[in-house]
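Subject: A structure to look at, with notes

Dear colleague,

Please find the structure below, and keep it open while you read the notes that follow.

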Amino acid sequence: MQTIIEVKNLTHVYTDSENKEIKALDGINLEIRQGEFVAVIGANGSGKSTLARHFNALQRPSEGVCLIEGMDTTVEENLWDIRQHVGMVFQNPDNQIFASTVKEEVGFGLKVLGENAKVIEKNVAEALAVTGLEGYENMSPFVLSKGVRQRVAVASVLSVKPEAIILDEPTTGLDYQHQRGSLDMLKRLNKKGHTVVIITHSMWIAEEYADRCIVMKDGEIISDGKTRAVFADED
């Protein structure tokens with residue numbers, strides 16, 4: 001399988017409010033391949049979200065390298081292409097929704113890329129259909145439930161047709177029914193060929209939906225393998 005994301009000796013250091021250096025990631029090595037459904041799990045502060053933000057160059061390595069389909073995330077000229085290959089959906093959908101209608105929101109990325117009206121119309125229609133948002137086109141996203149806003153955020157990423165989708169805690173604040181709906185949608189996208197990476201605290205989500213599990217602790221990967229094998233290791 002083609003490698004979509006490759007991380008080599010990735011270290012990320014940030015400075016806290018007291019001007020102390022904190023090592024959020026410490027020598028991470030991994031590959032994520034086309035068509036995988038990966039769950040990244042671990043306690044708060046383990047480095048999960050920091051790692052995920054490197055996957056589409058929202059953060060850059062302090063040391064080491066992160067490659068997206070061979071493109072170095074530290075090279076400014078690569079960023080435009082990288083963010084077409086890897087889409088990011090944040091924990092709170094309101095952090096990335098701003099348009100006055102669902103249709104405008106889902107088509108915004110395509111407009112920025114300079115796509116013509118015909119391509120925008122087609123891609124938006126496909127993204128709305130896949131995420132179950134047909135009929136919402138002319139509604140304001142801000143009057144919709146959080147679960148539906150989450151789908152709008154996913155659709156806005158999907159319309160650009162990225163190879164991989166990264167989702168940070170995609171079920172936070174959703175009831176069980178909406179969690180199931182969101183995750184089933186992601187599984188369908190995965191079966192269509194999209195690589196899906198979710199950051200999650202929910203063990204049942206990782207166990208039931210992910211083919212592969214990456215376990216993090218204190219900025220390091222302590223386990224990485226098929227979900228069944230990782231969950232079989234009690235330690």
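How many residues does helix α4 have, and how far does α4 reach from its first C-alpha to its last? In this predicted model, α4 runs over residues 117–130, which gives 14 residues, and the helix reaches 20 Å between those two atoms, close to the 20 Å expected at 1.5 Å a residue.

Within α4, the buried residues are Ile120, Asn123, Val124, Ala127 and Leu128. They lie on the same side of the helix, because they cover an arc of only 135° around its axis. This fits a general point: an α-helix has 3.6 residues a turn, so residues three or four places apart point the same way. Among the elements that cover the buried residues of α4 are α3 (102–112) and α5 (146–158).

The two ends of α4 are also worth a look. At its start, a side-chain oxygen of Asn116 comes to within 3.0 Å of the backbone nitrogen of Lys118, while just after the helix Gly132 takes a positive phi of about 70°.

Turning to the interior, the largest nonpolar core has 36 residues, and Val106, Leu167, Leu186 and Ile198 are those with the most contacts inside it. Helix α5 supplies the largest share of this core, 7 residues. A second, separate core has 27 residues, including Ala57, Leu79, Ile82 and Met88.

As for Ile198, if its neighbours within four places in sequence are left aside, this residue is in contact with Phe37, Val38, Ala39, Val40, Leu167, Pro170, Leu186 and Ile205.

With best wishes

Conventions
Residues numbered from 1 in each chain as written. Predicted model: local features only at pLDDT ≥ 70, side-chain atom pairs only at ≥ 80, totals over all residues. Heavy atoms only, no water. Helix = DSSP H or I, 4+ residues; strand = E, 2+ residues; numbered from the N terminus. Expected span 1.5 Å × (residues − 1). Buried < 20%, exposed > 50% of the residue type's maximum accessible area, 1.4 Å probe, protein only. Arc of directions from axis to C-beta. Contact = heavy atoms within 4.5 Å. Polar contact = N/O pair within 3.5 Å; in protein donor to acceptor, adjacent residues only side chain to side chain. Core = buried A, V, L, I, M, F, W, Y, C linked by side-chain atoms within 4.5 Å.
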